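Please look over the sequence and the model below before reading on. The briefing is arranged by topic, moving from the chain as a whole to individual charged pairs.

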Amino acid sequence: MKIRIIKPLHSHELSKEGYTGEIYYPFWIYVFSYRVKRKIFGDIKGMIVVMVDGINGKGYLADIVPDFEEINCDKKNSRILKPCVKEDESLKIATEKAESFLFRKYAYLKFTYELKYQTFTYKLFWAKKENNGRYILKDSITGEEIEIVSINGER
């Protein structure tokens with residue numbers, strides 16, 4: 001199965017670090033352009049990048065538009081998570097996040113904005129189970145290791 005992912009910034013040898021699986025986490029990415037009208041010093045133009053978590057529906061501002069790549073995900077130890085957030089819901093979340101940013105930054109000025117680009121993608125996490133029963137995920141973008149708490153509350 002071909003999927004689109006955010007190109008990993010970190011790489012490692014899975015077997016050396018004990019990682020045995022891959023998890024592909026769904027995200028919507030939106031890019032808005034904006035223009036703030038000013039009478040003195042000219043208009044301000046900019047871009048807002050919003051990532052919407054495909055599982056919990058939270059919106060996050062991003063610093064840049066990430067690079068993407070198409071991959072074949074037919075590996076036995078891979079899991080592709082299905083999004084719980086629909087496209088129209090995610091657009092609403094992203095628009096609210098962008099507006100909130102603009103109102104906070106340019107509260108007393110007149111501004112306009114428009115959606116320039118949107119895409120659905122996945123973010124890669126590497127997974128391992130340690131000897132003590134803990135599950136660890138490693139973020140392919142930040143390199144951060146995250147300890148996972150199971151659904152029933154156990155570590």
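What follows is a short lead on the overall fold, and then bullet points on dimensions, surface and salt bridges.

The model is predicted, and its protein chain is made up of 2 helices and 9 strands. Followed along the sequence, these elements come in the order β-α-β-β-β-β-β-α-β-β-β. The structure also contains 4 salt bridges, several of which are described below.

**Dimensions and contacts**

- The radius of gyration of the protein chain is 19 Å, whereas a compact globule of 155 residues would have one near 15 Å.
- The C-alpha trace of the protein chain spans about 65 × 35 × 30 Å along its principal axes.
- When contacts in the protein chain are restricted to residues at least 6 apart in sequence, 68% of them join residues at least 24 apart.

**Burial, surface and charge**

- Of the 155 residues in the protein chain, 38% count as buried.
- The protein chain exposes about 10200 Å², and carbon and sulfur atoms supply 52% of that area.
- The protein chain carries 27 positive and 22 negative charges, and the mean positions of these two sets are 5 Å apart.

**The salt bridge between strands β7 and β8**

- K123 and D139 form a salt bridge in which the closest N and O atoms are 2.8 Å apart.
- Because K123 belongs to strand β7 (residues 110-129) and D139 to strand β8 (residues 135-139), this pair ties together parts that are 16 residues apart in sequence.
- Both partners fall under the 20% limit for burial, as K123 has a relative accessibility of 14% and counts as buried, while D139 is buried with a relative accessible area of 5%.

**The network around K37**

- Salt bridges with shared partners join R35, K37 and D43 into one network.
- Within that network, K37 forms a salt bridge with D43, and the closest N and O atoms of this pair are 3.6 Å apart.
- K37 is partly exposed at a relative accessible area of 47%, and D43 is likewise partly exposed, with a relative accessible area of 29%.

**The salt bridge of K116 and E114**

- The side chains of K116 and E114 meet in a salt bridge, with an N to O distance of 3.3 Å.
- K116 counts as exposed at 53% relative accessibility, since the exposed class begins over 50%, whereas E114 is partly exposed with a relative accessible area of 44%.

Terms used. Residues are numbered from 1 along each chain as its sequence is written. This is a predicted model: local features need pLDDT of at least 70, side-chain atom pairs count only at pLDDT 80 or more; totals for chains, interfaces and linings use all residues. Side-chain values use heavy atoms; hydrogens and water are left out. Buried means under 20% relative accessible area, exposed over 50%, partly exposed in between (1.4 Å probe, protein chains only). Helices (H or I, at least four residues) and strands (E, at least two) are DSSP runs, numbered from the N terminus. The radius of gyration is taken over C-alpha atoms; the globule rule is 2.2 Å times the number of residues to the power 0.38. Contact means heavy atoms within 4.5 Å. Accessible areas come from the Shrake-Rupley method with a 1.4 Å probe; for residues, only the protein chains shown count as cover. Lys and Arg count as positive and Asp and Glu as negative; His and the chain ends are not counted. The place of a charge is taken as NZ of Lys, CZ of Arg, CG of Asp or CD of Glu.
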